[in-house]
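Student: Could you take a close look at the ligand site for me? I'd like one connected walk through the site and then the fold around it.

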Amino acid sequence: MSSHFRTLDDLSDISGKTALVRVDLNLPMQDGLVTDDTRVRASAPTILELADKGAKVLLLAHFGRPKGDRVSTMSLSLVVGAVERVLGKEVMFVPEIAGPVAAQAIGILRPGDIAILENTRFWKGEEKNDPDLVKAVAAIGDFYVNDAFSAAHRAHATTEGLAHALPAYAGRSMQAELEALDKALGSPVKPVAALVGGAKVSSKLDVLKHLVTQVDHLIIGGGMANTFLAAKGVDVGKSLCEHDLTGTANEILTAADASGCTVHLPYEVVVSKEFAANPASLRTCNVHEVAADEMILDVGPAAVEGLADVLKCCRTLVWNGPMGAFEMEPFDAATVALAKTAAALTQEGSLISVAGGGDTVAALNHAGVVQDFSYISTAGGAFLEWMEGRELPGVAALSS
Ligand code: ADP
Ligand code: MG
């Protein structure tokens, strides 16, 4: 992914101009209250920088899946208070994204004022990237800033279309994400290791296929390692395993060989007869000693040490997916140990570490290393599509 895109540094005098800023306000809510404002905090620097420079800042975002209808429980008016608290400023709410009502409301704004426009998905044209909607929204702004990497894998009106209709710039959070991802897989310092774990091979086939052509070391853990082990003739007992995908697993191993990518599969595992915390049947064994009634739930400690040595030889790490069933102790051990190794190497300056994925972020939080990685992406779907080597439409539109 090349990183030729304009940023806020390329904006000259914007005082009095109107900025249309795509952000991620798809905030988790419970009983009408925002429970986590991480996404607001991510875009706060962009919003405040534009406001400080005297722009009128209009925030565009989607919220939930209203599918083109006005659904009152999904109105962005519900997040205004949370956004105000993060920004420390008053924020106006505009119940439209285009048209005379929007124009009139925006007319009241002074330079430096901030407004949230209504949920973009209340309009059917948003997800269809409808040119008429793009035109109507573009008409109320002077330039467009995209600060929502998490929505960049969708070619929607406010994530992609607007970038062609107005001068377009990456916001600070988008910029940081693209620069981190470029360091991880775009133009990384070698050797590069990828660590892929999680439940199933089927959910990450394209990720694995792409990575074997890009990295020097592919470490496979989690449930998906079982499918690879089975492909190599290992009896994995009752483990989570996609037996119908062993052929595909072998193809991936062959492709890795052809690309000079070394694949590391666990040779030692932590097993148990039941999926419970600290079960009586817990034991550590060689992969060839798993009994028919046992499940592999984590990578064993000796194998983890070997994997830590691999990380020590590498300069770049990209990580998606936990190494074991980390939600239950002690099956978090391999994930936590490798996370700590990667964090320490990053702090020593010998490793650039980039991680992403819903459960991965939770696991790294659990390991207490989030501050010590070079970059952790909370983008979910967009992060995975990037790991598949796909061009994200929202990013491509900023580059053209
Ligand atoms: P992410 O959300 O970071 O992309 P995934 O959703 O692919 O990650 O995988 C996370 C899930 O994988 C977790 O719920 C974890 O319990 C599960 N998992 C990891 N290792 C195993 C295993 N050996 N057996 C069963 N499930 C596992
Ligand atoms: Mg997940």
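Tutor: Sure, and keep in mind that this is a predicted model. Let's start at glutamate 327, where a side-chain N or O atom comes to 2.5 Å from an oxygen atom of ligand 1. Taken by itself, ligand 1 would expose 580 Å², and the protein buries 82% of that. Lysine 204 also reaches an oxygen atom of ligand 1, with a polar side-chain atom 2.7 Å away. Glycine 223 does it through the backbone: one of its N or O atoms there lies 3.2 Å from a nitrogen atom of the ligand.

Now zoom out to the whole shell. Ligand 1 is surrounded by 18 residues, and the closest are Lys204, Gly324, Glu327, Asp359 and Thr360. So you meet Lys204 and Glu327 again in that list. Sorted by class, the shell holds nine polar, six nonpolar and three charged residues. As for where this happens, ligand 1 sits in the second largest pocket. Three elements each give two or more residues to its shell: helix 9 (222–231), strand 14 (295–299) and helix 13 (358–367). Helix 13 gives the most, with three residues.

What about the rest of the fold? The protein has 15 helices and 17 strands. Its radius of gyration is 23 Å, close to the 21 Å that the globule rule gives for 400 residues, so the protein is as compact as a globular protein of that length. Measure out a box along the principal axes and the C-alpha atoms fill roughly 70 × 45 × 40 Å.

A few backbone details deserve a look while you have the model open. The peptide bond from lysine 190 to proline 191 is cis, with omega near 0 degrees. Proline 191 belongs to the loop between helix 7 (172–186) and strand 9 (192–196). There is also a cis peptide bond between glutamate 329 and proline 330, with omega about 0 degrees. You'll find proline 330 in the loop that runs between strand 15 (316–320) and helix 12 (333–348). Finally, check asparagine 129: its phi is positive, about 55 degrees, although it is not a glycine. Asparagine 129 lies in the loop between helix 4 (124–128) and helix 5 (131–138).

Conventions: Residues are numbered from 1 along each chain as its sequence is written. Chains are lettered from A and ligands numbered from 1 in the order in which they are written. This is a predicted model: local features need pLDDT of at least 70, side-chain atom pairs count only at pLDDT 80 or more; totals for chains, interfaces and linings use all residues. Side-chain values use heavy atoms; hydrogens and water are left out. A residue is near a molecule or strand if one of its heavy atoms lies within 4 Å of it. A polar contact is a pair of N or O atoms within 3.5 Å; within protein, one must be able to donate a hydrogen and the other to accept it, and residues adjacent in sequence count only if both atoms are side-chain atoms. Accessible areas come from the Shrake-Rupley method with a 1.4 Å probe; for residues, only the protein chains shown count as cover. On a 1 Å grid over the protein atoms alone, a cavity is a set of points where a 1.4 Å probe fits but cannot get out, and a pocket is an open set with protein on both sides within 12 Å along at least five of seven lines; lining residues have an atom within 4 Å of a point. A molecule sits in a cavity or pocket if more than half of its atoms lie within 2 Å of its grid points. Helices (H or I, at least four residues) and strands (E, at least two) are DSSP runs, numbered from the N terminus. Ala, Val, Leu, Ile, Met, Phe, Trp, Tyr, Cys and Pro count as nonpolar, Asp, Glu, Lys and Arg as charged, and the others, Gly among them, as polar. The radius of gyration is taken over C-alpha atoms; the globule rule is 2.2 Å times the number of residues to the power 0.38.
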